[in-house]
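Trainee: I am new to this structure. Please take one part of it and walk me through it closely.

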Amino acid sequence: MAKPLYVLNGPNLNLLGTREPEVYGHETLDDLRQRCERKAASLGLSVVFRQSNVEGELVNWIQEARTDASGVIVNAGAFTHTSIAMLDALLACPVPTVEVHLSNIFTREPFRHRSYISKAAKGVICGFGGLGYELAIEALANTIAPGKAG
């Protein structure tokens, strides 16, 4: 079996389901974890699913992914718009990365329109809620083993 996909979630995503459901939906972080595990398993993959409100912990996990993961999915939350440290870690990570956002960051406040981490991502998926995570898993599966996802 391939190395797992790391699914890394940033600040406040632990509040999903109760925090601004009109923006982020009603799924909880645990719902998203289960969704990711099911999708990955359907493609013969596994996931390591993590969340932190601490920027340095996310950077450590990205560095860990350099050797322990076959790909990274990152929803950096507010760190998307502020974290050069996460960008640098992702640029140093040789595995493909997909950036995911539950909401469409380009229809929100102007400060959310800028993503520092996009420069390190193979692609960006935003605005599709939890489905975005599944789409990211499919994209990575196809990148890791072309033709695997369809």
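Mentor: Start at G130. G130 is buried, because its relative accessibility of 6% falls under the 20% cut-off. Keep in mind that this is a predicted model. G130 sits in the loop between β5 (123-126) and α5. Look at what G130 touches, leaving out residues up to four places away in sequence: E27, L32, R35 and L102. Now take a distance that spans much of the sequence. G130 and L29 are 101 residues apart along the chain, and their C-alpha atoms are separated by 9.5 Å.

Follow the contact to L32. L32 lies in helix α2. L32 counts as buried, since its relative accessible area is 1% and the limit is under 20%. Its contacts, with neighbours within four places in sequence set aside, are L16, E27, F49, L102, G130 and Y133. So E27 and L102 appear again: both touch G130, and both touch L32. Another C-alpha pair belongs here. L32 and G129 are 97 residues apart along the chain, with 9.6 Å between their C-alpha atoms.

That brings us to the helix pair. Helix α2 covers residues 29-42, and helix α5 covers residues 131-144. Their axes are 9 Å apart, and the helices pack at an angle of about 30 degrees. That angle makes α2 roughly parallel to α5, because angles under 35 degrees count as roughly parallel. The crossing of α2 and α5 is right-handed. Which residues make the contact? From α2 come L32, R35, C36, K39 and A40. From α5 come L131, Y133, E134, I137 and E138. By class, the contact of α2 with α5 has 6 nonpolar, no polar and 4 charged residues. L32 is one of the contact residues of α2, and Y133 is among the residues that L32 touches.

Stay on helix α2 for R38. R38 is in helix α2. Is R38 buried or exposed? R38 is exposed, as its relative accessible area is 55% and the exposed class begins over 50%. Set R38 beside L32, then: L32 is buried at 1%, while R38 is exposed at 55%. R38 and E134 are 96 residues apart along the chain, yet their C-alpha atoms are separated by 9.1 Å.

Now a second helix pair, for comparison. The axes of α3 and helix α4 (residues 84-91) come within 9 Å and cross at roughly 5 degrees. α3 and α4 are therefore roughly parallel to each other. On α3, the meeting residues are E55, L58, V59 and I62. On α4, they are A85, M86, A89 and L90. This contact holds 7 nonpolar, no polar and 1 charged residues.

Just before α3 comes S52. S52 is in the loop between β2 (47-51) and α3 (55-68). S52 counts as buried, with 3% relative accessibility. The side chain of S52 makes a polar contact of 2.7 Å with the side chain of E57. Beyond four places in sequence, S52 touches N9, G10, P11, E57, L58 and W61. L58 therefore turns up in two places: it touches S52, and it is one of the α3 residues that meet α4.

Another buried polar contact sits in a strand. E99 lies in strand β4 (residues 97-101). Its relative accessible area is 0%, so E99 is buried. The side chains of E99 and S115 are joined by a polar contact of 2.8 Å. E99 also touches other residues beyond four places in sequence, including V74, T80, I117 and V124.

One backbone detail is worth a look. N12 is not a glycine, yet it has a positive phi of about 70 degrees. Most residues other than glycine have a negative phi. N12 lies in the loop between β1 (5-9) and α1 (21-24). At 32% relative accessibility, N12 counts as partly exposed.

Finally, step back. The protein has 5 helices and 5 strands. From the N terminus, they run β-α-α-β-α-β-α-β-β-α. Of its 150 residues, 49% are buried. Take contacts between residues at least 6 apart in sequence: 75% of them join residues at least 24 apart.

Notes:
Residues are numbered from 1 along each chain as its sequence is written. This is a predicted model: local features need pLDDT of at least 70, side-chain atom pairs count only at pLDDT 80 or more; totals for chains, interfaces and linings use all residues. Side-chain values use heavy atoms; hydrogens and water are left out. Axes are lines fitted to C-alpha atoms, for helices over the stretch in contact, and angles run from 0 to 180 degrees between N-to-C directions. Helices (H or I, at least four residues) and strands (E, at least two) are DSSP runs, numbered from the N terminus. Angles under 35 degrees count as roughly parallel, over 145 as roughly antiparallel, 65 to 115 as roughly perpendicular and the rest as oblique. A crossing is left-handed if the near helix is turned anticlockwise from the far one by less than a right angle, and right-handed if clockwise. Contact means heavy atoms within 4.5 Å. Ala, Val, Leu, Ile, Met, Phe, Trp, Tyr, Cys and Pro count as nonpolar, Asp, Glu, Lys and Arg as charged, and the others, Gly among them, as polar. Buried means under 20% relative accessible area, exposed over 50%, partly exposed in between (1.4 Å probe, protein chains only). A polar contact is a pair of N or O atoms within 3.5 Å; within protein, one must be able to donate a hydrogen and the other to accept it, and residues adjacent in sequence count only if both atoms are side-chain atoms.
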